Amino acid sequence: MELVHSGKVRDVYADGDELILVASDRVSVYDVVLPTPVPDKGKILTQLSLWWFEQLADIIPNHVVSATDVPEEWAGRAIRCRRLSMLPVEWIARGHLAGLGLQEYQKSGTVSGISLPDGLVEASRLPEPIFTPTTKATEGHDEFITYDDVVREIGDDTTARLKDVTLEIYSRGAALAAERGIIIADTKLEFGRAADGTLVLGDEVLTPDSSRFWPADQWVPGRPQHSLDKQFVRDWSSTLDWDRTPPGPAIPDEVVEATRARYAEVYERLTGTAWTS
């Protein structure tokens, strides 16, 4: 096998006509990989993605070939996948106002060119989920773009189809999570084309690295929420005298342990299965 890409969290290996996607225990915040791993993180991301891929399989095909036909050293944290030509867009759906969406709204009253009602605050539920795409930056930070920007990049039909798919995946995931006491505030998806041109869901789906998860019984708009995702690490890092450029700070043991516990909790609450590493 050949290493073809090493990302902030995942490493991708070529194995013949297929790829092996390996989720590490690395943590990145503000696009900087921190030097301290979080034990089991990669396995939790992988197993939760596999669970979601099954729940969503009727909406759009996904890239999974096998969760077991992988090298033993990566068992539990690797997926054998189809090769895809990935689209140059982050497909984001938002049901609540948080993160960069909140910052954009506070500046302009809009997110990705979509006007939102006046008077919304941090964590407000939006009148309906919205599609807020961003660039997929290889360096630096992703930036908001509009629906029309995406059309110019990849065409009208593909944009319309994947906007609908993004909102359907988010809405189904949010409804299922709500039954289990979890709010999915927003999520980021990635899509590509298979060799035959079919649109395919790739990467990860509805995980604590790609979504914001909040306990529903602790949701109070107007303030930061109790996060069950890597926002907890972002919040810790924001208390430091760090300019958000490499090298990143080491994560203290208590933050590592609390982060792992949050990832395990969201896995258990969503899937109904106890986490065992």
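Start by selecting strands S14 and S15, which form a hairpin with 5 residues between them, and look in the turn for Gly197, whose phi is positive at about 90 degrees. Keep in mind throughout the tour that the model on your screen is predicted.

**The strands around S14**

With the hairpin still selected, follow the pairing of its two arms: S14 and S15 (residues 199-202) are antiparallel and are paired over 4 bridges. To see one position of this pairing, pick Arg193, which stands opposite Leu199 in S15.

Next, add strand S16 (residues 211-215) to the selection, and you will find that S14 and S16 run antiparallel and are joined by 5 bridges. Here Ile184 stands opposite Phe213 in S16.

Now bring in strand S9 (residues 89-96), which runs antiparallel to S14 and is joined to it by 4 bridges. Within this pair, Arg94 is the residue to show, since it stands opposite Asp186 in S14. Strand S8 (residues 85-86) can be added as well, because S8 and S14 pair in the antiparallel sense over 2 bridges, and Met86 stands opposite Gly192 in S14. As background to these steps, strands of a sheet pair through backbone hydrogen bonds, either parallel or antiparallel.

Is strand S14 largely enclosed by the rest of the structure, or largely left open? If you display the surroundings of residues 182-193, you can follow the reasoning: 10 of the 12 residues of S14 are buried, so the strand is largely enclosed by the rest of the structure.

**Ala93 in strand S9**

Return to strand S9 and select Ala93, which lies in this strand. Its relative accessible area is 0%, and Ala93 is therefore counted as buried, the cut-off for that word being under 20%. Which residues does Ala93 touch, once its neighbours within four places in sequence are left aside? Show Ile130, Thr166, Leu167, Tyr170, Asp186 and Thr187, with which Ala93 is in contact. If you then draw a distance from the C-alpha of Ala93 to the C-alpha of Trp242, it should read 30 Å, for two residues that are 149 apart in sequence.

**The open sheet**

Move on to the open sheet of 5 strands, and colour them in the order S1-S2-S3-S7-S6, noting that the pairing is antiparallel. Strand S1 (2-6) and strand S6 (64-66) stand at the edges with a single partner strand each, so that one side of each is left without a neighbour in the sheet. From one strand to the next, the twist averages 35 degrees.

Inside this sheet, select strand S2 (residues 10-15) together with strand S3 (residues 18-23), which run antiparallel and are joined by 6 bridges; Val12 stands opposite Leu21 in S3. Then show helix H1 (residues 41-55), which lies across S2, S3, S6 and strand S7 (78-82), and which runs at about 45 degrees to S7.

**A last stop at Gln225**

Finally, select Gln225, which is found in the loop between S16 and helix H5 (231-237). With a relative accessible area of 10%, Gln225 is buried. To which backbone oxygen does the side chain of Gln225 reach? It is that of Val220, at 2.8 Å. Leaving aside neighbours within four places in sequence, the residues in contact with Gln225 are Ala123, Trp214, Gln218, Trp219 and Val220.

Notes
Residues numbered from 1 in each chain as written. Predicted model: local features only at pLDDT ≥ 70, side-chain atom pairs only at ≥ 80, totals over all residues. Heavy atoms only, no water. Buried < 20%, exposed > 50% of the residue type's maximum accessible area, 1.4 Å probe, protein only. Pairing = 2+ DSSP bridges. Contact = heavy atoms within 4.5 Å. Axes fitted to C-alpha atoms, helices over the stretch in contact; angles between N-to-C directions. Polar contact = N/O pair within 3.5 Å; in protein donor to acceptor, adjacent residues only side chain to side chain.
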